[in-house]
Amino acid sequence: MFYLELRRRCTKIKKRMKNNKGKYLVYGCEIDMFKGIFWCYVICFDYDMYTHKLITVKVYCDGDGNPLEEADFSSKSGENFNHRIEWDKLLEKNRSNHPYNYYPRGRVEIKKGKIKIYANPVIICDEEARELIVKTFELKGREDKIKWIADNSNHYQYEIDVMK
């Protein structure tokens, strides 16, 4: 993996390359964040006990969204992943019977130092889900750069939306 190899090669210069937030830099770009797609669901243990879970397809990238490891992007633009295509790949591994649009889903895009998170409004309105996305995609400390975009278009609808 390119990212891990990059980390190994940079061990001697890391101290000189830390920025004021403690993030490592390569050519002036922060290198410890992800971009990609996700599905979000809730596991209920009891009527008042639950936890959020994410299924993700992601890649390490720099502050401009350039991948720092090998990635087989499946979106039309060639810069990110496609939910339907990646779900089919996950089905082969996990043997789930649900279609790709069963769970609410979203996407993390990083371009020119700005982070946009597109997702179904159900996810955007849930503070715990948002915190989990920030943690999973390693965006902690960059909340001021994140723009949350509630997308209720057909693209991000999930099975319950479709049934309405």
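A residue is called buried when its relative accessible area is under 20%, exposed when it is over 50%, and partly exposed in between, with a 1.4 Å probe and protein chains only. The model is predicted, so local features need pLDDT of at least 70 and side-chain atom pairs count only at pLDDT 80 or more, whereas totals for chains, interfaces and linings use all residues. Residues are numbered from 1 along each chain as its sequence is written, and side-chain values use heavy atoms, with hydrogens and water left out.

**Exercise 1. Salt bridges**

Determine how many salt bridges the structure contains and describe the surroundings of their residues.

Solution.

Step 1. The criterion is a side-chain nitrogen of Lys or Arg within 4 Å of a carboxyl oxygen of Asp or Glu. By this rule, the count is two.

Step 2. One salt bridge joins Lys-89 and Asp-72, with 3.8 Å from N to O. This pair links distant parts of the chain, for Lys-89 belongs to helix α3 (residues 83–94) and Asp-72 to the loop between β4 and α3, 17 residues apart. Helices (H or I, at least four residues) and strands (E, at least two) are DSSP runs, numbered from the N terminus.

Step 3. Lys-89 also forms a salt bridge with Glu-86, at 3.3 Å from N to O. These two residues are three apart in helix α3, so about one helical turn separates them.

Step 4. Shared partners join Asp-72, Glu-86 and Lys-89 into one network.

Step 5. The accessibilities are as follows: Asp-72 is exposed at 58%, Lys-89 is partly exposed at 32%, and Glu-86 is buried at 5%.

**Exercise 2. The sheet**

State the order of the strands in the open sheet and describe how they pair.

Solution.

Step 1. Two strands pair if DSSP finds at least two bridges between them. Five strands form the sheet in the order β4-β3-β5-β6-β7, with mixed pairing.

Step 2. β4 and β7 are the edge strands; each has a single partner strand, so one side of each lacks a neighbour in the sheet. From one strand to the next the twist averages 20°, where axes are lines fitted to C-alpha atoms, for helices over the stretch in contact, and angles run from 0 to 180 degrees between N-to-C directions.

Step 3. β3 and β4 are antiparallel and share 13 bridges. Here Ile-37 has Val-57 in β4 as its bridge partner.

Step 4. β5 and β6 are also paired in the antiparallel sense, over six bridges, and Arg-107 stands opposite Tyr-118 in β6. The two strands form a hairpin with two residues between them, and in the turn Lys-112 has a positive phi of about 50°.

Step 5. β6 and β7 run parallel and are joined by five bridges. Ile-117 stands opposite Trp-148 in β7.

**Exercise 3. Helix α5 and His-52**

Identify the buried residues of helix α5 and the elements against which they pack.

Solution.

Step 1. In α5 (residues 127–136), the buried residues are Ala-129, Ile-133, Val-134 and Thr-136.

Step 2. They pack against β3 (33–46), β4 (49–61), β5 (105–111), β6 (114–119), α4 (121–124) and β7 (146–150). Contact means heavy atoms within 4.5 Å.

Step 3. At the N-terminal end of α5, Asp-126 acts as a cap: a side-chain oxygen lies 3.0 Å from the backbone nitrogen of Glu-128. Just after α5, Glu-138 has a positive phi of about 55°.

Step 4. His-52 lies in strand β4 and is buried, with a relative accessible area of 8%. The side chains of His-52 and Asp-126 are joined by a polar contact of 2.8 Å. A polar contact is a pair of N or O atoms within 3.5 Å; within protein, one must be able to donate a hydrogen and the other to accept it, and residues adjacent in sequence count only if both atoms are side-chain atoms.

Step 5. Not counting residues up to four places away in sequence, His-52 touches several residues, including Tyr-41, Asp-126, Ala-129 and Leu-132.

**Exercise 4. Cysteines**

Establish how many disulfides the structure holds.

Solution.

Step 1. A disulfide is a pair of cysteine sulfur atoms within 2.5 Å. The structure holds zero disulfides.

Step 2. Cys-61 is buried at 0% relative accessible area, whereas Cys-125 is exposed at 68%.
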